[in-house]
Amino acid sequence: MKAADFLYERPASLGDALALLADADRDAAPLAGGQSLMPMMNFRLAAPGMLVDLSGLDALRGITLEDGALRIGAMTRYVELTGSDLVSDHAPLIAQALPHIAHAAVRNRGTIGGSVALADPAAEMPALLLALDAVITVQSEEGSKDHAANDFFLGMYETALEPGELVTAITIPPRGDRRFAFYELARRHGDYAMAGVALSCATDRTDHRVAYFSIADRALRATAVEAVLDAGGAVDDAIAALEGLPFSGDLNASDATKKHLSGIVLKRALGGL
Amino acid sequence: MSDSKMISVTVNGETTTAAVPVRQNLVDFLRNTMGLTGSHVGCEHGVCGACTLEVDGAMVRGCLMLAVQADGTQVTTIEGYGDRAAALRDAFTARNALQCGYCTPGMLASAVEYIEGGGAADRAAIREHLSGNYCRCTGYQSIVDAVCDVIDGASA
């Protein structure tokens with residue numbers, strides 16, 4: 001299907017982009033890589049009045065290390081993360097997950113900021129940022145503010161972003177001596193997972209962060225599972241602690257199947273720690 | 001009434017200036033305005049890979065990119081690959097890797113990127129790289145065979 005009609009602008013500065021996004025009458029949506037937004041528009045699930053193409057904003061692109069923290073501009077494409085030594089050294093969890101994030105042609109254009117801002121419940125990046133305790137920087141004409149990933153993903157395609165705000169950067173704290181694991185089950189390599197999990201824990205196997213995607217209306221942490229693992233509990237006990245999560249089925253799998261698969265991906269991810 | 005913008009895009013080495021409706025995707029522009037019907041339109045939501053083509057040296061989904069976004073870029077469609085895809089074309093023919101042919105332009109675009117990127121004749125890696133391209137005839141074995149042949153120099 002084709003997208004409904006809209007207006008299109010490609011501003012040359014962040015200020016111009018924010019001004020366009022701030023004007024409520026325009027009903028403008030930012031266009032980053034378009035790899036999730038365009039399908040939604042082609043399905044007519046989204047019909048913004050205007051697309052504000054961010055591709056001219058080089059200031060939103062790039063990967064840098066600042067005081068041990070990895071800062072990734074929102075318009076940085078997945079393919080750039082894939083080729084980055086900074087990412088593999090400082091955020092190996094992201095490096096590990098990248099081959100599973102969509103397909104090569106999609107990674108050539110898809111951006112980290114676009115994925116975070118859209119908050120697709122089946123996307124990997126929100127869960128990765130939860131597991132990494134990342135910070136999401138957003139900007140509007142009023143200024144910029146930081147959100148902990150923990151407080152950012154509120155529901156299906158719903159985030160703490162307010163009208164007129166744009167995700168500009170992701171900051172991942174120094175990795176320290178933590179270990180990471182990632183596992184997802186998908187029908188076809190690169191497709192949205194039926195269930196997936198991102199794990200981070202201290203080398204002494206305390207202080208786990210367990211973040212799931214594609215099992216509920218949003219990426220979320222399984223804090224009850226984390227508590228079991230922090231206490232040195234067995235894998236089966238950790239799986240039992242999945243009980244309270246708000247599983248929700250989709251076209252591929254029922255909520256009961258999602259729950260079952262969540263245990264499997266947890267077991268396999270823990271095996272890879 | 002659709003808003004339109006002027007774009008200047010170099011397609012297969014030739015620069016064209018055209019007014020495009022901003023809601024038109026790149027593959028529709030190439031097929032309907034440029035008459036380059038090699039890139040196919042399949043699912044139109046980025047799943048099937050039939051519209052895969054090259055923009056500024058990287059393969060993209062032609063259905064997930066607007067024509068207006070191609071302003072100032074170099075686009076290569078299956079019609080423009082020339083010698084870059086010659087060995088693959090031969091190998092696809094030799095291996096019977098094109099059946100109905102619908103997915104073939106996208107498969108070739110993806111395979112060219114894999115081979116030119118220094119990809120190895122590793123079946124799992126080839127499958128992963130081509131995973132975004134559906135073959136509804138399920139000719140995957142032969143397609144991977146053909147890509148391996150080219151990398152091994154068997155069809156050179």
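**Exercise 1. In chain B, find the order of the five strands in the open sheet, and say which strands stand at the edges.**

Solution.
- Read the order across the sheet of chain B: S2-S1-S5-S3-S4. The pairing is mixed, and the sheet is open. The model is a predicted one.
- Look at the ends of that order. Strand S2 (14-21) and strand S4 (58-61) of chain B have a single partner strand each, so one side of each lacks a neighbour in the sheet.
- Add the twist. Ignoring direction, neighbouring strands of this sheet are turned by 40° against each other on average.

**Exercise 2. Work out how S1(B) pairs with S2(B), and how S1(B) pairs with S5(B).**

Solution.
- Start with S2(B). Strand S1 (residues 4-11) of chain B pairs with S2(B) in the antiparallel sense, over eight bridges.
- Pick one bridge. Ile7(B) has Ala18(B) as its partner in S2(B).
- Check the turn. The hairpin of S1(B) and S2(B) has two residues between the strands. Asn12(B) takes a positive phi there, near 50°.
- Go on to S5(B). S1(B) and S5(B) run parallel and are joined by two bridges. Here Val11(B) has Val75(B) as its bridge partner.

**Exercise 3. Find what joins S3(B) to S5(B), and which helix packs on the sheet.**

Solution.
- Take the strands. Strand S3 (residues 52-55) and strand S5 (residues 74-76) of chain B run antiparallel, with two bridges between them.
- Name a pair. Val55(B) is bridged to Val75(B) in S5(B).
- Now the helix. Helix H3 (residues 104-116) of chain B packs on the sheet and touches S3 and S4 of chain B. The direction of H3 makes about 45° with that of S3(B).

**Exercise 4. Describe how helix H2 of chain B packs against helix H5 of chain B.**

Solution.
- Two values come into play. Two packed helices are described by the angle between their axes and the distance between the axes.
- Apply them. The axes of H2 (residues 86-94) and H5 (residues 140-152) of chain B come within 9 Å and cross at roughly 135°.
- Classify the angle. H2(B) is therefore oblique to H5(B).
- Give the hand. H2(B) passes H5(B) in a right-handed crossing.
- List the residues. From H2(B) come Ala87(B), Leu88(B), Ala91(B) and Phe92(B). They meet Ile143(B), Ala146(B), Val147(B), Asp149(B) and Val150(B) in H5(B).
- Sort them by class. The contact of H2(B) with H5(B) has eight nonpolar, no polar and one charged residues.

**Exercise 5. State the domains of chain B and how many residues are in contact between them.**

Solution.
- Read the assignment. Domain 1 of chain B covers 4-80, and domain 2 covers 82-152.
- Place the centres. The C-alpha centres of these two domains of chain B lie 21 Å apart.
- Count the contact. In chain B, 18 residues of domain 1 are in contact with 14 residues of domain 2.

**Exercise 6. Turn to chain A: give the domains and the strand order of the three-stranded sheet.**

Solution.
- Begin with the division. Chain A has domain 1 (7-53), domain 2 (60-172) and domain 3 (178-270). The C-alpha centres of domain 1 and domain 3 of chain A are 33 Å apart.
- Order the strands. In chain A the open sheet runs S1-S3-S2, with parallel pairing.
- Find the edges. Strand S1 (7-9) and strand S2 (28-31) of chain A each have a single partner strand, so one side of each is left without a neighbour in the sheet.
- Add the twist. From one strand to the next, the average is 25°.
- Finish with a pair. S1(A) and strand S3 (residues 50-53) of chain A pair in the parallel sense over three bridges. Glu9(A) has Val52(A) as its bridge partner in S3(A).

Notes:
Residues are numbered from 1 along each chain as its sequence is written. Chains are lettered from A and ligands numbered from 1 in the order in which they are written. This is a predicted model: local features need pLDDT of at least 70, side-chain atom pairs count only at pLDDT 80 or more; totals for chains, interfaces and linings use all residues. Side-chain values use heavy atoms; hydrogens and water are left out. Two strands pair if DSSP finds at least two bridges between them. Helices (H or I, at least four residues) and strands (E, at least two) are DSSP runs, numbered from the N terminus. Axes are lines fitted to C-alpha atoms, for helices over the stretch in contact, and angles run from 0 to 180 degrees between N-to-C directions. Contact means heavy atoms within 4.5 Å. Angles under 35 degrees count as roughly parallel, over 145 as roughly antiparallel, 65 to 115 as roughly perpendicular and the rest as oblique. A crossing is left-handed if the near helix is turned anticlockwise from the far one by less than a right angle, and right-handed if clockwise. Ala, Val, Leu, Ile, Met, Phe, Trp, Tyr, Cys and Pro count as nonpolar, Asp, Glu, Lys and Arg as charged, and the others, Gly among them, as polar. Domain bounds come from an automatic or database domain assignment.
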